[in-house]
Amino acid sequence: MSPKGSARMEELSSVVFVLFFLCASGVRGDGLTVLQAPDFVSFQKGEWPVSGEKIPDLVALTMGFSVQEDLSWPGLQAGPLFRRPRANVLVVVRGADGLALPQSVASYPLENPVPFTLDSVAETVHSLFAEDTPVVLQLAPSEERLYMLGKANAVFEDLPVTLQQIRGRLFQDGSVLATLPPNSLSRNAEADLLFLSEMQVLHDITALLQRHRHLAKDHSPDLYSLELSGLEELTRVYGQDSPQYRDAVAILSSTLQKFGEDVYGLYGNSAVVEVVTVKNFEAPLTRKSRSILESKQISNPGSPYNLAYKYNFHYAVVFNIVLWLMIALALAVIAVAYSLWNMDPGYDSIIYRMTNQKIRMD
């Protein structure tokens, strides 16, 4: 066989191996994969598609929170009322046409892959557990975007944020480069360094959590949202048929699998770890820079239609307190009035009893 023919056969065999490796895991194209979940968070195996805009509601339900609209999706069954996972970790991988995650709990196809954020879930966590200062971490290394709340400010203060910091971390002691298998990724190319930097961030997060194991023992749930776009940049630069892309997919799959197992173990087998793979988002994400600590206006002066105020999660609690307190006070008033109406002044009142004896003595 000629050298060109042998090279062609090797290329075809590598492509077939990658396709077989991806299909064996059941994760192809846009999808949602549940890497880890406790027993009381019941994910049903099936091919039920989930919409991208419903991912925040799904995360909220897995954490035991209520949502404004019911999620009519059979993939998640109702769990115990008084048990909630200690943490939820969502990793969004952009530019992935398929990942090999064979040890996952369940996988579902993703339809309508629109950009989304977990800001609503973060606000719920902060409002319900403000005194316990839960960990809320939202990180996108490629955009140098970082949001931290609660104990995250103290735990992840040493986490590299900018690309320059992360790349510098790659060449320090304890770098993830020492643990990676031989690959075709360059240490000098920008796209390759971006992907390797994201792998370093995953490694550093688990290392910091191992150093602060007390976080998994409190009563407040923690929320992590990570967005990885290094694979998308590798696709743009090298293409999906390149050895760089194939090596990156294998590295990313093994890293995510280990990351999920480490986080799940650190939280005492009480954490939900999901991976969302999206090849391309359908619309660009416009994110308004703000702080989720800022207070909301109580009044609603901007509504020209005299609409009611937005529903508050504390409404049911306040309503029940006021309702039963009014009923208890009404019953107390009725009981006192009935007792006074049927009271005999000569026997039930000491005042009239003493007066009656004095009259008799006279």
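This short talk walks through the sheet, the helices, the cores and a few loop residues of one structure. A word first: this is a predicted model.

Start with the sheet. It is open, has 8 strands and shows mixed pairing. The strand order is 2-4-1-8-3-7-5-6. At the edges sit strand 2, residues 50-51, and strand 6, residues 145-149. Each of those two pairs on one side only. Strand 2 has strand 4, residues 106-111, as a parallel partner, over 2 bridges. Look for S51 there: its bridge partner in strand 4 is E111.

Now, what packs on this sheet? Take helix 3, residues 119-128: it touches strand 5, strand 6 and strand 7. The direction of helix 3 makes about 160° with that of strand 5. Then take helix 8, residues 243-266. Helix 8 lies across strand 1, strand 3, strand 7 and strand 8. Against strand 3, helix 8 runs at about 170°.

Next, helix 7, residues 230-238. Which residues of helix 7 are buried? They are G230, L231 and L234. Viewed down the helix axis, they fall within an arc of 100°, so they line one face of helix 7. That fits a general point: an α-helix has 3.6 residues a turn, so residues three or four places apart point the same way. And what do the buried residues of helix 7 pack against? Strand 3, helix 6, strand 7 and helix 8. Right after helix 7 comes G239, with a positive phi near 95°.

Helix 5, residues 163-170, can be read in a similar way. Its buried residues are L163, I166, R169 and L170. Their arc around the axis is only 125°, which puts them on the same side of helix 5. Part of their cover comes from helix 6, residues 190-211.

On to the cores. The largest nonpolar core holds 51 residues. Which of them touch the most other members? V93, F156, F195, L231 and L256. Helix 6 gives the most to this core, with 10 residues. L231 we have already met, as a buried residue of helix 7. For F156, the contacts beyond four places in sequence are V135, L137, M148, I205, L208, L209 and Y224. Another core lies apart from this one. That core has 33 residues, among them L58, W73, A122 and L149.

Last, the loops. Two asparagines deserve a look. Most residues other than glycine have a negative phi. N112 has a positive one, near 50°. N112 sits in the loop between strand 4 and helix 3. Its relative accessible area is 30%, so N112 is partly exposed. N269 also has a positive phi, near 55°. The loop of N269 joins helix 8 and strand 8. With 44% relative accessibility, N269 counts as partly exposed.

Finally, F281. Where is F281? In the loop between strand 8 and helix 9, residues 315-341. Buried or partly exposed? F281 counts as partly exposed, because its relative accessibility is 23% and the buried class stops under 20%. Now compare sequence and space. F281 and N112 are 169 residues apart in sequence, yet their C-alpha atoms are 8.6 Å apart. Leaving out neighbours within four places, F281 contacts V92, R94, P113, V114 and P115. That's my tour; questions are welcome.

Notes: Residues are numbered from 1 along each chain as its sequence is written. This is a predicted model: local features need pLDDT of at least 70, side-chain atom pairs count only at pLDDT 80 or more; totals for chains, interfaces and linings use all residues. Side-chain values use heavy atoms; hydrogens and water are left out. Buried means under 20% relative accessible area, exposed over 50%, partly exposed in between (1.4 Å probe, protein chains only). Helices (H or I, at least four residues) and strands (E, at least two) are DSSP runs, numbered from the N terminus. The arc is that of the directions from the helix axis to the C-beta atoms. Contact means heavy atoms within 4.5 Å. A nonpolar core is a set of buried Ala, Val, Leu, Ile, Met, Phe, Trp, Tyr and Cys residues joined through side-chain atoms within 4.5 Å. Two strands pair if DSSP finds at least two bridges between them. Axes are lines fitted to C-alpha atoms, for helices over the stretch in contact, and angles run from 0 to 180 degrees between N-to-C directions.
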